[in-house]
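Work through the following exercises with the sequence and the coordinates open beside you. Each task is followed by a solution that proceeds step by step.

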Amino acid sequence: MKIRWTSQSVRLRITPSELTALQQGECAEEEIELPGGGGWATRIIPNMKETSAYADRETLHLYLTADDLVRLSDETLEGIYFEETDPPLRYCIEKDFPCAHPRPSQVQEPPTEVFAPNASFTERKANS
């Protein structure tokens with residue numbers, strides 16, 4: 001899972017195997033240990049009563065309903081998008097498609113699995 005956040009938004013990009021785990025009722029999660037003993041974690045938890053976001057000191061929990069998981073599984077959709085009002089937060093879960101540009105070698109990201117581009121992704125990239 002790739003995680004990108006700003007002061008009022010969180011964007012999660014999941015791999016095909018993470019989507020499969022969610023479809024099987026398992027959590028998808030990503031954790032990082034930081035120098036000094038701290039760290040952060042993000043968990044997507046499927047089959048909940050309500051889609052919502054909750055955070056404790058070290059973990060962001062995204063609860064996902066079965067209906068929203070069905071929407072995320074739709075091959076024609078790139079992701080699903082939500083908004084909380086108190087405090088204001090936009091969050092989304094997107095499928096991780098191939099990068100449109102090469103990554104700099106300094107990034108040193110390990111290769112990850114990606115979804116095959118769907119028609120809307122391919123069209124948008126061709127027109128950008």
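**Exercise 1.** Locate Pro87 relative to the strands, and state which kind of peptide bond joins Asp86 and Pro87.

*Solution.* Pro87 lies in the loop between β7 and β8, where helices (H or I, at least four residues) and strands (E, at least two) are DSSP runs numbered from the N terminus. The two strands span residues 79-85 for β7 and 88-95 for β8. The bond that joins Asp86 and Pro87 is a cis peptide bond, with omega at about -5°. The model is a predicted one, in which local features need pLDDT of at least 70 and side-chain atom pairs count only at pLDDT 80 or more, whereas totals for chains, interfaces and linings use all residues. Residues are numbered from 1 along each chain as its sequence is written, and side-chain values use heavy atoms, with hydrogens and water left out.

**Exercise 2.** Identify the buried residues of α1 and of α2, and decide how they are arranged around each helix axis.

*Solution.* Buried means under 20% relative accessible area, exposed over 50%, and partly exposed in between, computed with a 1.4 Å probe on protein chains only. In α1, which covers residues 16-23, the buried residues are Glu18, Leu19, Ala21 and Leu22. Viewed down the axis of α1, these residues fall within an arc of 155°, so they line one face of the helix; the arc is that of the directions from the helix axis to the C-beta atoms. The cover over them includes β2 (9-14), β3 (28-33), β4 (39-45) and α2 (66-73).

For α2, the buried residues are Asp68, Leu69 and Leu72. Their arc around the axis is only 105°, which puts them on the same side of α2. The face turned away from that buried side carries the exposed residues Asp67 and Val70. Among the elements that cover the buried residues of α2 are β2, α1, β7 and β8.

**Exercise 3.** Describe how α1 and α2 pass each other, and name residues through which they meet.

*Solution.* The axes, which are lines fitted to C-alpha atoms over the stretch in contact, with angles running from 0 to 180 degrees between N-to-C directions, come within 11 Å and cross at roughly 150°. That makes α1 roughly antiparallel to α2, a label used for angles over 145 degrees. On the α1 side, Leu19, Leu22 and Gln23 meet Leu69, Leu72 and Ser73 of α2, contact being defined as heavy atoms within 4.5 Å.

**Exercise 4.** Compare Pro46 and Asn47: is each of them buried, partly exposed or exposed?

*Solution.* Both Pro46 and Asn47 are found in the loop between β4 and β5, the latter strand being residues 52-55. Pro46 counts as buried, because its relative accessibility is 7%, whereas Asn47, at 46%, counts as partly exposed. Asn47 also has a positive phi of about 65° although it is not a glycine. Setting aside residues up to four places away in sequence, Pro46 touches Leu22, Gly25, Glu26, Cys27, Leu64 and Leu69. One of these, Gly25, comes just after α1 and takes a positive phi of about 85°.

**Exercise 5.** Characterise the surroundings of Ser9.

*Solution.* Ser9 belongs to strand β2 and is buried, with a relative accessible area of 16%. Not counting residues up to four places away in sequence, Ser9 touches Arg4, Leu89 and Arg90.

Notes. Parallel < 35°, antiparallel > 145°, perpendicular 65-115°, else oblique.
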